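Trainee: I have a model open and I'd like to learn how to read it feature by feature. Can you walk me through it?

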Amino acid sequence: MAATPHAQGKDPADAGRAPKKPGIARIISASLIGTTIEWYDFFLYGSAAALVFNSLFFPTSDPLVGTLLAFLTYAVGFAARPLGGVVFGHYGDKIGRKKLLVLSLLMMGGATFAMGLLPTHATLGVGAPILLTVLRLVQGFALGGEWGGAVLIVSEHGDDKNRGFWASWPQAGAPGGNLLATGVLALLAAVQSEEAFLAWGWRIPFLLSGVLVIIGLWIRVSVSESPLFLEAQAKAAASGESARQEAPVVEVFRSNWRGVLTAIGTRLGENVSYYILTAFVLVYVTVHLELPKSTALNAVLIGSAVHFVTIPLWGALSDRIGRRPVTLIGSIGMAAWAFAFFALVDSKSFAVITLAVTVGLLFHGAMYGPQAAFISEMFDTRVRYSGASMGSQLASIIGGALAPIIAVELLKDYDSATPVALYVCVTVVITTLTVLAAKETRGRSLAHGTTTPEPSSASAPSATIGT
């Protein structure tokens with residue numbers, strides 16, 4: 001970005017930073033609200049799959065089998081995410097972050113709204129789950145492009161020193177969306193009878209998405225394009241490089257594959273643990289422990305509220321001590337908590353179940369908060385959207401997509417949560433080893449691909465990944 005003239009008698013650093021403050025706040029607000037709406041849409045399906053889709057779209061004599069079938073369509077959304085990451089990443093690196101963020105919101109909201117209008121198996125037969133699966137594919141495709149664009153437009157507007165904090169706000173959109181989805185479902189479950197909820201009440205949260213998308217679009221169209229993207233685009237055009245450049249996804253796998261692998265490993269344990277804590281727990285509490293739906297929904301609701309507030313705090317901590325140490329707090333803590341989690345949930349006490357979910361989400365937040373900055377700092381501007389999206393979304397297939405399915409199958413086969421806890425533990429150990437092997441990225445300049453020197457902190461790590 002071009003330097004601004006310095007007012008006489010003022011600190012040049014202050015003069016350079018002052019104009020950014022309202023801008024970054026507006027960018028964060030637009031990104032957070034948009035990601036919250038998109039995650040609301042995505043998580044609403046997961047909650048519905050655990051609570052009602054098994055009987056409405058996949059009726060069988062065994063509740064766990066019906067739930068397993070519902071989660072298979074849930075996983076289809078994850079399978080579409082890498083494709084969305086490739087397509088959105090390619091065009092996001094070619095034409096800009098903002099346009100793709102608007103498109104992803106429209107696609108996600110439209111698919112979710114359409115789900116609220118779907119006929120059920122009782123009305124349409126096998127056509128109902130097929131239509132549901134198609135719409136789930138659209139959701140996954142849209143979300144595959146959303147994450148990279150949302151975190152990058154914040155990361156590339158913010159400064160190097162506070163990137164962990166700024167970039168963690170779009171991350172808070174995940175618990176924000178889950179909080180909204182679970183809250184709406186919990187409210188409906190509280191005011192409706194079981195029969196009314198199954199007959200028509202479940203449609204309300206899906207139709208509500210149409211209103212939320214209009215609000216999100218109104219906010220998103222007002223943001224400015226990433227200055228780093230515009231600068232990189234202008235340089236490429238001036239030098240004639242834009243005509244000779246490979247497709248961003250090709251360049252990512254040719255020269256930045258280590259960054260993609262690091263992103264996958266970093267996200268694996270985080271992804272698995274999150275969907276166990278928020279999606280599988282609904283099945284475990286309602287089907288295995290035979291407790292009311294409201295018990296699980298309200299526990300996740302409270303845990304998600306704490307999660308939403310603490311994610312930016314973990315991001316801010318990563319600006320002080322590094323991305324790796326904060327992520328390791330979460331991954332090592334989750335490895336131990338996985339076993340305590342189910343032991344506490346088995347108490348059947350609402351207060352204890354809420355404690356189990358909340359502490360688990362605190363450890364998850366330590367992995368998730370620094371993640372946006374950590375992964376953004378692994379790639380150069382010309383391929384950052386593609387690299388961040390591909391690393392993130394490939395992890396979602398082997399992590400989030402399979403986690404509820406594997407967990408339900410383990411519960412069905414062993415009638416015990418111990419194998420599920422062991423599964424979570426193994427995945428967060430993989431994340432721990434990946435982060436231990438990775439280089440620290442805190443302080444890296446996204447504009448130049450170097451680490452900003454910090455004379456006052458001799459121990460500050462210096463690293464460049466994917467350059």
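**Reading the model**

Mentor: Sure, let's begin with a loop: E290 sits in the loop between α14 and α15 (293-321). Keep in mind that this is a predicted model.

Trainee: What is the phi of E290?

Mentor: The general idea comes before the number. Most residues other than glycine have a negative phi. E290 isn't a glycine, yet its phi is positive, at about 55 degrees.

Trainee: And is E290 buried or exposed?

Mentor: Exposed, because its relative accessibility is 67% and the cut-off for exposed is over 50%.

Trainee: Which other residue shows a positive phi without being a glycine?

Mentor: Try D415, where phi is near 50 degrees. D415 is in a loop too, the one between α20 (403-414) and α21 (418-437). With 55% relative accessibility, D415 also counts as exposed.

Trainee: Now the overall picture. How many helices and strands are there in the protein?

Mentor: You'll find 21 helices and two strands. Of the 467 residues, 58% are buried. For the fold, look at how far apart in sequence the contact partners are: take contacts between residues at least 6 apart, and 83% of them join residues at least 24 apart.

Trainee: How do I read a helix pair, say α14 and α17? At what angle do they pack?

Mentor: Look at the angle and the axis distance together. Helix α14 (residues 257-288) packs on helix α17 (residues 350-368) at about 155 degrees, and the axes are 10 Å apart. Angles over 145 degrees count as roughly antiparallel, so α14 is roughly antiparallel to α17. The crossing itself is left-handed.

Trainee: Which residues in α14 and α17 meet?

Mentor: From α14, the contact uses R267, G269, E270, S273, Y274, L277, T278 and V281; across from them in α17 are V357, G360, L361, H364, M367 and Y368. By type, that contact has seven nonpolar, five polar and two charged residues.

Trainee: What about α8 and α15? How do their axes cross?

Mentor: At roughly 155 degrees, with the axes coming within 7 Å. α8 and α15 are therefore roughly antiparallel to each other. Their crossing is right-handed. On the α8 side you have R163, G164, F165, S168, W169 and Q171, which meet I311, P312, G315, A316, S318 and D319 in α15. Sorted by type, the residues of this contact are five nonpolar, five polar and two charged.

Trainee: Let's zoom in on single residues. Where is G158?

Mentor: G158 is in the loop between α7 and α8 (163-171). Don't assume a loop residue is exposed, though: G158 has a relative accessible area of 17%, so it counts as buried. To see what is around G158, skip its neighbours within four places in sequence; I24 and W166 are then in contact with it. Also compare sequence and space: G158 and G23 are 135 residues apart along the chain, while their C-alpha atoms are 9.1 Å apart.

Trainee: And a residue inside a helix, such as Q139? Is Q139 buried or exposed?

Mentor: Q139 belongs to helix α7 (residues 127-155). Its relative accessibility is 0%, so Q139 is buried. For a buried polar side chain, check for a partner: the Q139 side chain makes a polar contact with the T112 side chain at 2.8 Å. Beyond four places in sequence, Q139 touches D41, F42, Y45, M108, A111, T112 and M115.

Note on methods
Residues are numbered from 1 along each chain as its sequence is written. This is a predicted model: local features need pLDDT of at least 70, side-chain atom pairs count only at pLDDT 80 or more; totals for chains, interfaces and linings use all residues. Side-chain values use heavy atoms; hydrogens and water are left out. Helices (H or I, at least four residues) and strands (E, at least two) are DSSP runs, numbered from the N terminus. Buried means under 20% relative accessible area, exposed over 50%, partly exposed in between (1.4 Å probe, protein chains only). A polar contact is a pair of N or O atoms within 3.5 Å; within protein, one must be able to donate a hydrogen and the other to accept it, and residues adjacent in sequence count only if both atoms are side-chain atoms. Contact means heavy atoms within 4.5 Å. Axes are lines fitted to C-alpha atoms, for helices over the stretch in contact, and angles run from 0 to 180 degrees between N-to-C directions. Angles under 35 degrees count as roughly parallel, over 145 as roughly antiparallel, 65 to 115 as roughly perpendicular and the rest as oblique. A crossing is left-handed if the near helix is turned anticlockwise from the far one by less than a right angle, and right-handed if clockwise. Ala, Val, Leu, Ile, Met, Phe, Trp, Tyr, Cys and Pro count as nonpolar, Asp, Glu, Lys and Arg as charged, and the others, Gly among them, as polar.
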